[in-house]
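The report that follows looks at one protein model, moving from a residue in a helix to a helix pair, to two loops and the N-terminal segment, and then to the whole chain. Please keep the structure in view while reading.

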Amino acid sequence: MQDPVYEEAYQGHVIKIYHDPDSENPREWSNLGALICWHRRYRLGDSHRFDCPEAFLRDLAGVSDQSDLSLDRLRERAERKAIILPVYLYDHSGLAMNTIEFHCPWDSGQVGFVYVTLETVRKEFGAKRVTKAMREKAKDILRAEIVTFDAYLGGRVYGYVVERDGEEIDACWGFFEHYDLDCCPRRGRL
């Protein structure tokens with residue numbers, strides 16, 4: 001096993017926090033949104049059948065291939081049926097993903113979308129109509145899904161091992177993003 005990223009003696013135990021080398025891809029979980037990406041070198045997000053963003057937006061908007069709508073107009077139409085956020089990738093000595101643009105125009109750009117249909121939002125929230133508050137809550141969930149996927153891409157996934165007298169007595173893996181907030185006993189998590 002590799003060296004721990006953090007170690008602490010606590011109430012007669014030794015707690016060690018490690019990088020999780022076998023973490024599960026969070027896109028395999030039950031997510032509210034779908035992450036649709038296009039990249040020439042990486043397979044990112046969820047599987048899909050669309051060869052380009054235009055094909056995806058046309059399908060979501062229910063617009064035929066013969067219409068000559070711009071990408072902006074296609075997105076406007078698609079947003080009548082779904083909540084859609086752009087997804088950006090920063091690719092420089094590692095990968096980072098976000099729903100807001102990165103400040104480097106050379107190593108970053110939009111790579112896709114994360115979205116959820118209004119039908120799914122109604123079903124998930126048990127509502128007949130999607131209110132403005134529900135839209136904002138759904139957007140927050142979509143952003144959180146990208147934060148988790150970004151942690152996965154960046155290798156910021158951790159686990160802890162609790163030992164007593166050199167024997168492992170407990171362990172848990174799959175903490176995404178901040179080991180100091182999610183794994184450390186003084187933060188009230190253990």
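## A buried arginine in helix α1

A residue is called buried when its relative accessible area is under 20%, exposed when that area is over 50%, and partly exposed in between. The model discussed here is a predicted one. Arg58, which lies in helix α1, has a relative accessible area of 7% and is therefore classed as buried, the cut-off being under 20%.

Which residues surround this arginine, once its neighbours within four places in sequence are left aside? Arg58 is then in contact with Val63, Ser64, Asp65, Ser67, Leu69 and Leu74. For one of these partners, Leu69, the separation from Arg58 is eleven residues in sequence, and the two C-alpha atoms lie 9.2 Å apart in space.

## The packing of α1 against α2

Helix α1 spans residues 53-61 and helix α2 spans residues 71-78; the two pack at an angle of about 35 degrees, and their axes are 8 Å apart. The crossing that α1 and α2 form is left-handed.

On the α1 side the contact involves Glu54, Leu57, Arg58, Leu60 and Ala61, and these meet Leu71, Leu74, Arg75, Arg77 and Ala78 on the α2 side. Sorted by character, the residues of this contact comprise six nonpolar and four charged ones, with no polar residue among them. Arg58 thus appears again in this setting, as one of the α1 residues that meet α2, and Leu74 of α2 is among the residues that Arg58 contacts.

## Two loop residues with positive phi

Gln11 is not a glycine, and yet its phi is positive, at about 50 degrees. The residue sits in the loop that joins β1 (6-10) to β2 (13-19), and with a relative accessible area of 62% Gln11 is exposed, because that value is over 50%.

Asp165, likewise not a glycine, has a positive phi of about 55 degrees. Its place is in the loop between β7 (157-164) and β8 (167-176), where Asp165 counts as exposed because its relative accessibility is 74%, a value over 50%.

## The N-terminal segment

Gln2 belongs to the segment that precedes β1. Its relative accessible area is 34%, so Gln2 is partly exposed, falling between the limits of 20% and 50%.

What does Gln2 touch when residues up to four places away in sequence are not counted? The residues concerned are Tyr18, His19 and Pro21. Along the chain Gln2 and His19 are 17 residues apart, while their C-alpha atoms are separated by 8.3 Å.

## The chain as a whole

The protein contains five helices and eight strands, which follow one another from the N terminus in the order β-β-β-α-α-β-β-β-α-α-β-β-α. Among contacts with a sequence separation of 6 or more, 53% link residues that are 24 or more positions apart.

In overall dimensions, the C-alpha atoms fill a box of roughly 70 × 40 × 30 Å along the principal axes. The radius of gyration is 20 Å, whereas a compact globule of 190 residues would have a value near 16 Å. Of the 190 residues, 39% are buried, and the surface that the protein exposes amounts to about 11700 Å², of which carbon and sulfur atoms supply 45%.

How values were computed: Residues numbered from 1 in each chain as written. Predicted model: local features only at pLDDT ≥ 70, side-chain atom pairs only at ≥ 80, totals over all residues. Heavy atoms only, no water. Axes fitted to C-alpha atoms, helices over the stretch in contact; angles between N-to-C directions. Helix = DSSP H or I, 4+ residues; strand = E, 2+ residues; numbered from the N terminus. Left-handed = near helix turned anticlockwise from the far one by under 90°. Contact = heavy atoms within 4.5 Å. Nonpolar A, V, L, I, M, F, W, Y, C, P; charged D, E, K, R; others polar. Rg over C-alpha atoms; globule rule 2.2 N^0.38 Å. Buried < 20%, exposed > 50% of the residue type's maximum accessible area, 1.4 Å probe, protein only. Areas by Shrake-Rupley, 256 points an atom, 1.4 Å probe, with all protein chains shown as cover.
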